[in-house]
Amino acid sequence: MKITEVETFVVDAGWRPWQFVAVRTDEGLTGYGECSDGRNPYAVVGAVADFEPMLLGRDAGPVEAIYWDLYRVARQSPGGIAAKAIAGIELALWDLKGKALGVPVHALFGGPTREHQRVYWSHCGSSRALNHELIGTPPIDSYEAFTRLGEEVVARGFTALKTNVVIPGTPARRYGFGFGGGPTDQNVPVEILGAIERQLAAFSEGVGPELEIALDLHFHYKPEAAAKICRVAEQFTMLWVEIDMYEPDGLREIKDGTTVPITSGENLYGIRDYRPYFDARSMDNVMIDIPWNGFARSRDVALLAESHELNVAPHNYYSHLATHIALHFCATVPNVRIMEVDIDDVPWKDDLTGGPLTFEDGGLAIPEAAGWGVDLDEAVARAHVWAPGRGPGYTAARR
């Protein structure tokens, strides 16, 4: 099964782009991978194009050999754009291998370890704050809107949600400057601490005492500020507070100073990046971005986490293809805390992979079809192209 073509797609997903890789073969099979990046989409697919000469004419079967050949070419710049491009290719190759053998990808790794995976409603309120008209949902124009949304989460059968720091209003805004726009100091003003408390209280009123709430702080705060926010969160039923930080000891200081579980890691690549955090006991739960790490390397991180008695959580705010990939990942490891999925999204999201997800008992069934179990509808992808030069969806004006 020789590789004959590599094609990429940059899809306009409303307020951020998704990137996909299609690897085609001389036997008529196509494998699909996702390597979505919200800020440098054409850089990622450009890197895929740079790797294409190394792929054409090769046997698609030995996925690990191909991965390490690509890695060695890019090893002077590990992580970042190159890692995402390699991940997209590697994921497409696993899809091909599963399809060629007629088995789901998780079976290639000894799965499934489970038949059902619990998920949480991610960006709950955050997506509506900036894009409610596109999504077709009520605006986040008051703290009572969080309460009503919490009631909706419960009514739809979910047992956990994750939100960001959102200031309701007309329009609402997301607070934080870790991704550009505003000051670089990463402090938390007193009024924002109060706003976070009101937001978590409003959600808690809607969801009740048993549903767990996660709060994602991204890169927005220094350790001192993040610690203050964690202390505010301690009064609520928290799944975790999520903090991105390139300082294992600083993250450990936050973790030691709070009773709220700390989750981190979505920004890291491979066991070399994760190992210092594990050695420092910096986090309670380990976030792994599979479209940025690839499937096999994500499993490496998960199994290293298992050796440190840590559970993992797939980072997954992408398309349904990435959701299926994450489900296969969960079905091959023994230490999953919970899995992320976005519920509020562009109205044509389901069309991109042939239909909606089916949620049951607050989770999703592990796919049983060959490969990832879904294909990319290339016609839909081509109908929604992210315009080159449009820039990131997370602009200063919207914060």
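A pocket is an open set of grid points at which a 1.4 Å probe fits, with protein on both sides within 12 Å along at least five of seven lines. The structure shown above is a predicted model, and two of its pockets are described here, followed by its nonpolar cores and its cysteines.

The second largest pocket holds about 350 Å³ of space. Its lining consists of 22 residues, and those nearest the centre are R39, F179, E266, W292 and Y317. Sorted by class, this lining comprises 8 charged, 7 polar and 7 nonpolar residues. Helix α3 gives the most to the lining of the second largest pocket, with 3 residues.

The largest pocket holds about 460 Å³ of space. Of the 21 residues that line this pocket, Y67, Y71, Y269, G270 and R272 lie nearest its centre. The lining of the largest pocket divides into 12 nonpolar, 4 polar and 5 charged residues. Several helices take part in this lining: α2 (63-74), α3, α10 (270-279), α11 (290-293) and α12 (295-307) each supply at least two residues.

From the pockets, the description turns to the interior. The largest nonpolar core has 126 residues, and Y221, I243, V286 and F295 are those with the most contacts inside it. Helix α3, which spans residues 80-101, gives the most to this core, with 10 residues. The surroundings of Y221 may be followed in detail: leaving aside residues up to four places away in sequence, Y221 touches V165, Y175, Q186, N187, V188, I192, A226, I229 and M245. A second core, separate from the largest, has 8 residues, including A160, L239, W240 and M287.

The cysteines remain to be considered. The count of disulfides in the model is 0. C230, for instance, is in no disulfide, and the nearest cysteine sulfur, that of C124, is 20 Å away. C230 counts as buried because its relative accessibility is 0%. Why does the sulfur of C330 form no bond with the closest cysteine sulfur? The closest cysteine sulfur, in C35, is 20 Å from that of C330, which is too far for a bond, since a disulfide requires a pair of cysteine sulfur atoms within 2.5 Å. C330 is likewise buried, because its relative accessible area is 0% and buried means under 20%.

Definitions and conventions
Residues numbered from 1 in each chain as written. Predicted model: local features only at pLDDT ≥ 70, side-chain atom pairs only at ≥ 80, totals over all residues. Heavy atoms only, no water. Core = buried A, V, L, I, M, F, W, Y, C linked by side-chain atoms within 4.5 Å. Buried < 20%, exposed > 50% of the residue type's maximum accessible area, 1.4 Å probe, protein only. Helix = DSSP H or I, 4+ residues; strand = E, 2+ residues; numbered from the N terminus. Contact = heavy atoms within 4.5 Å. 1 Å grid on protein atoms, 1.4 Å probe; cavity = no way out; pocket = protein on both sides within 12 Å on 5 of 7 lines; lining within 4 Å. Points joined across faces, edges and corners; volume = space filled by probe spheres on them. Nonpolar A, V, L, I, M, F, W, Y, C, P; charged D, E, K, R; others polar.
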